[in-house]
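Visitor: I have a structure to look through. Could you walk me through part of the strand core?

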Amino acid sequence: MECLKSYNPATGDEVGEVPVTAVSDIPAHVARARAAQPAWEALGLQGRADVLRKAIPIFADRAEQHGKLITAEMGKPIKEGIGEAKSLAGDLTDELDEMVEALTPEVVEDKRARSTIYHDALGVVGAITPWNFPMSMPSWMLVPSLAAGNTVVFKPSEETPLCGQAYADVLNEVLPDDVLIVVHGADDQGKAIVKSDVDMIAFTGSREAGKHIMREASGSLKRLVLELGGKDPMIVLEDADLEKAAKFAAVNSFRNAGQVCVSTERIFVLESVADQFEKALAGIAGAMKVGNGADGPDVGPMVSPRQRDHVLAQVDAAVASGAKVVAGGSGHHDNFVTPTVLVGVTDDMDIASAETFGPVACVTRVSSVDEAVERANHTRFGLGAVVFGGDEQKTDAVARRLTAGMIGVNRPINGAAGTPWVGARESGFGFHKSKDGHRQFTQTRVVTRSR
Ligand code: NAD
């Protein structure tokens, strides 16, 4: 049997292996999931939520073990690995009630008619996930899919199959047989799921793969939720708290070695405060410790040599075109990339438009707020954006001119509990979280009788 081996990107050591699912077997897995679906749906909304709730203490008990596996398999610092693992129990606790509320039938009446809006299961969901949050990304799509009464065929990233399997193992301890089926492999297995008889594809990953999936799914008009890449801008206004802005820029450019879909990838700073901002950012970047995630550094390795090569090629090309390195830029070794700050980044450079997904902060000086907004919006992506400023009204006004789906004002983009995780433009199609997000895993039906 062919196996997929998983390696620690910090050490090169083998972490483990999983059997690869033969592409030719995928239709049979989907058929098993379809056969299991009616009985799972028949448990009812509360019944399914009660089953899923049983996973909460298991996730809580295994948080440390899961956190260590995340760090071993994809490299993030252990504190972040354990933080991600702990969020699994927390998310389930917080969101199952919200899901039940979102999916409970709703009665709407007027003078003539009384309608009931139902949110029914779609059938079988094909769930395909990336490696950068190898347990929370599966959680974001598997839990709402299952709560809605769907069964799921799940393919974790080929970079983090052990995390995907460990996550699914917990759910499978509480779920009936075949309600959640894991398949392993890379693009070919993902493509086979998309081609198969599933009713919906829930996908988080790159824009290119998302576009491919959308084309393939059009044949049978499969339902889609696509959470794709980003090229998030940050605007620093003249009256911003520059220390706070620089600290945010460093954290959000270098967290998880920049391998975050809502990383700050482009920074537009007003000319008059640029010297001070760049100096502060370079100072923080220069003090960051890089190393094996297990040893608790600020920044771990890139997930793979391929990702490292992509990042370093973008940095080298930018420098060759005139960008200046004011922090990092050297000392890279193995899969480790030193946190790097580039200034003088211009729109013609690849690093200004294509997703980097690495620990690089790119700073561009602008002469007006209008220029900052125009350049921040000059992208086909639209996931997150951030603006730092002093005057509340003016800063809010800039936030409202940004075309991203999630905008943070003097803070990260994450919204209050119950708000959606939503990308605009080519960063996504459909969205996660919030009552509206949960309903995307369902077929809405309206039954009406006369009054
Ligand atoms: P990727 O697109 O290479 O792979 C993602 C998953 O899709 C993997 O499981 C892969 O095997 C599979 N796949 C690849 N091509 C496929 C195809 N044509 N059909 C079906 N399946 C296919 O992405 P990645 O490198 O694993 O993840 C990084 C990307 O994910 C970045 O672009 C990042 O911005 C994005 N991301 C987005 C969000 C969000 O919420 N918007 C969150 C996390 C990551």
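Guide: Start with a cut-off: buried means under 20% relative accessible area, and exposed means over 50%. Keep in mind that this is a predicted model.

Visitor: Is Val125 buried or exposed?

Guide: Val125 sits in strand E5, residues 124-128. Its relative accessibility is 0%. The cut-off for buried is under 20%. Therefore Val125 counts as buried.

Visitor: Which residues does Val125 touch, not counting residues up to four places away in sequence?

Guide: Leave out the sequence neighbours up to four places away. The contacts of Val125 then include three residues of E6, the strand spanning residues 151-155. The full list is Ser145, Asn150, Thr151, Val152, Val153, Met200 and Ala202.

Visitor: How many residues of E6 are buried?

Guide: In a regular strand, side chains alternate between the two faces of the sheet. On one side of E6, Thr151, Val153 and Lys155 are buried. On the other, Val152 and Phe154 are buried. The count for E6 is 5 of 5.

Visitor: Which residue in E6 is the bridge partner of Ala127?

Guide: E5 and E6 pair in the parallel sense, over 5 bridges. The chain gets from E5 to E6 through helix H6, residues 136-147, in a right-handed β-α-β crossover. In E6, the partner of Ala127 is Phe154.

Visitor: And which residue in E7 is the bridge partner of Phe154?

Guide: E6 and E7 (residues 180-182) run parallel, joined by 3 bridges. Helix H7, residues 161-174, carries the chain across from E6 to E7, and this β-α-β crossover is right-handed. In E7, Phe154 has as its bridge partner Val182.

Note on methods:
Residues are numbered from 1 along each chain as its sequence is written. This is a predicted model: local features need pLDDT of at least 70, side-chain atom pairs count only at pLDDT 80 or more; totals for chains, interfaces and linings use all residues. Side-chain values use heavy atoms; hydrogens and water are left out. Helices (H or I, at least four residues) and strands (E, at least two) are DSSP runs, numbered from the N terminus. Buried means under 20% relative accessible area, exposed over 50%, partly exposed in between (1.4 Å probe, protein chains only). Contact means heavy atoms within 4.5 Å. Two strands pair if DSSP finds at least two bridges between them. A crossover is right-handed if, with the strands pointing away from the viewer, the path from the first strand over the helix to the second runs clockwise.
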